[in-house]
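Trainee: I'm new to this structure. Could you walk me through it, one topic at a time?

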Amino acid sequence: MTGGASGLGLAFSRHLTGLGARVWALDRDPKALAAAALESKKIAFLACDVGDELQVVENVTRIERESGGITVLVNNAAVLMDQALVSKVGGKVRTHSLSDWNETLQSNLTGTFLMTREVAAAMIRGKRRGGLIVNISSISRSGNPGQTAYSATKGGIDAVTVTWSQELAVYGIRVVGVAPGFVETPMTSRIPPMFLEGLRARTPVGRFGTLDEFARTLQYVIETDYLNGKVLELDGGLRF
Ligand SMILES: NC(=O)c1ccc[n+]([C@@H]2O[C@H](COP(=O)([O-])OP(=O)(O)OC[C@H]3O[C@@H](n4cnc5c(N)ncnc54)[C@H](O)[C@@H]3O)[C@@H](O)[C@H]2O)c1
């Protein structure tokens with residue numbers, strides 16, 4: 001589980017340990033890791049920046065050794081740095097920062113690429129046949145004003161979900177995406193409350209999703225062997 005020390009990643013990890021799974025939760029935030037480790041003794045928390053090739057290789061090698069074979073990878077880690085490409089505020093033209101663009105791509109897309117490459121290679125080398133890669137996408141995957149970098153990464157994640165599902169099927173590895181609408185986590189706490197309320201009001205079911213609903217969706221993805229190469233939308237019917 002990447003991004004496993006907070007929000008959805010922590011909820012996913014807790015749900016899966018509750019079902020009897022052994023979970024290794026990777027995250028780059030030391031404070032979140034320490035806090036989560038205090039509360040969730042059954043999860044193995046490891047410090048790892050998924051955008052850093054060396055850290056990914058070392059951590060996947062370690063988990064492979066300790067677990068005896070990785071069966072499921074959830075690419076959940078992501079950053080959100082809302083910005084329009086270009087905007088005019090108070091007569092001044094602002095442009096999207098290149099460093100925010102690069103950092104978003106590094107964590108969200110390169111992180112998904114590196115983790116999947118290493119885990120899929122370990123699955124193919126291993127004694128157990130097959131496995132599952134779950135990519136956490138977003139309702140922003142088809143584009144959303146103000147989210148230039150974030151929506152680009154989520155669209156990219158959807159594309160590699162299809163590509164990898166076709167490339168890896170021969171090794172018995174499924175690849176599935178889950179595209180959340182909204183669920184309250186530390187990530188959404190950075191969205192202005194008024195904007196968030198507007199989104200809630202526009203959601204046809206009249207509320208955001210719960211952590212439990214997302215965790216049970218992940219369980220469904222894990223348990224449903226015929227599901228492959230698709231991105232499930234869990235968003236209460238919201239459309240941008
Ligand atoms: N919360 C929502 O409403 C929502 C909506 C759509 C999609 N999502 C997606 O769900 C996933 C989880 O989001 P969340 O709301 O729980 O966010 P969150 O901010 O609560 O948790 C994300 C975690 O990822 C970690 N992380 C970020 N970059 C990392 C990196 N390079 N290496 C390792 N760890 C890294 C962070 O430290 C954090 O602990 C993300 O992929 C997000 O895009 C969330």
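Mentor: Happy to! One idea to start with: axes are lines fitted to C-alpha atoms, for helices over the stretch in contact, and angles run from 0 to 180 degrees between N-to-C directions. Please keep in mind that this is a predicted model.

Trainee: Thanks! Is helix 4 roughly parallel or roughly antiparallel to helix 5?

Mentor: Helix 4 covers residues 98–125 and helix 5 covers residues 148–168, and their axes lie 9 Å apart. The two pack at an angle of about 15 degrees. Angles under 35 degrees count as roughly parallel, so helix 4 is, relative to helix 5, roughly parallel.

Trainee: And is the crossing of helix 4 and helix 5 left-handed or right-handed?

Mentor: Handedness depends on which way the near helix is turned from the far one, and clockwise counts as right-handed. Where helix 4 passes helix 5, the crossing is right-handed.

Trainee: How many nonpolar residues are in the contact of helix 4 with helix 5?

Mentor: On the helix 4 side, the residues include Trp 101, Leu 105 and Leu 109, while helix 5 brings, among them, Tyr 150, Ile 157 and Trp 164. By class, the contact has one charged residue and six polar ones. The nonpolar residues number 10.

Trainee: Let's turn to the sheet. Which strands are at the edges of the open sheet?

Mentor: The open sheet has four strands in the order 3-6-7-8, paired in parallel. An edge strand pairs on one side only, and this holds for strand 3 (72–75) and strand 8 (231–234). From one strand to the next, the twist averages 20 degrees. The edges, then, are strand 3 and strand 8.

Trainee: What is the bridge partner of Gly 177 in strand 8?

Mentor: Strand 7 spans residues 173–180 and pairs with strand 8 in the parallel sense over four bridges. In strand 8, the partner of Gly 177 is Val 231.

Trainee: At what angle to strand 7 does helix 7 run?

Mentor: Helix 5 lies across strand 6, strand 7 and strand 8, at about 165 degrees to strand 7. Helix 7 (residues 211–223) lies across strand 3, strand 6, strand 7 and strand 8. Its angle to strand 7 is about 160 degrees.

Trainee: Last one: which element gives the largest share of the shell around the ligand?

Mentor: The ligand is surrounded by 31 residues, and the closest are Gly 3, Ser 6, Gly 7, Thr 185 and Met 187. Helix 1 (7–18) and helix 4 are the elements that give two or more residues to this shell. By class, the shell has 15 nonpolar, 12 polar and four charged residues. The largest share, three residues, comes from helix 1.

Key:
Residues are numbered from 1 along each chain as its sequence is written. This is a predicted model: local features need pLDDT of at least 70, side-chain atom pairs count only at pLDDT 80 or more; totals for chains, interfaces and linings use all residues. Angles under 35 degrees count as roughly parallel, over 145 as roughly antiparallel, 65 to 115 as roughly perpendicular and the rest as oblique. Two residues are in contact if their C-beta atoms, placed from the backbone, lie within 7 Å. Ala, Val, Leu, Ile, Met, Phe, Trp, Tyr, Cys and Pro count as nonpolar, Asp, Glu, Lys and Arg as charged, and the others, Gly among them, as polar. A residue is near a molecule or strand if its C-beta atom, placed from the backbone, lies within 6 Å of it. Two strands pair if DSSP finds at least two bridges between them.
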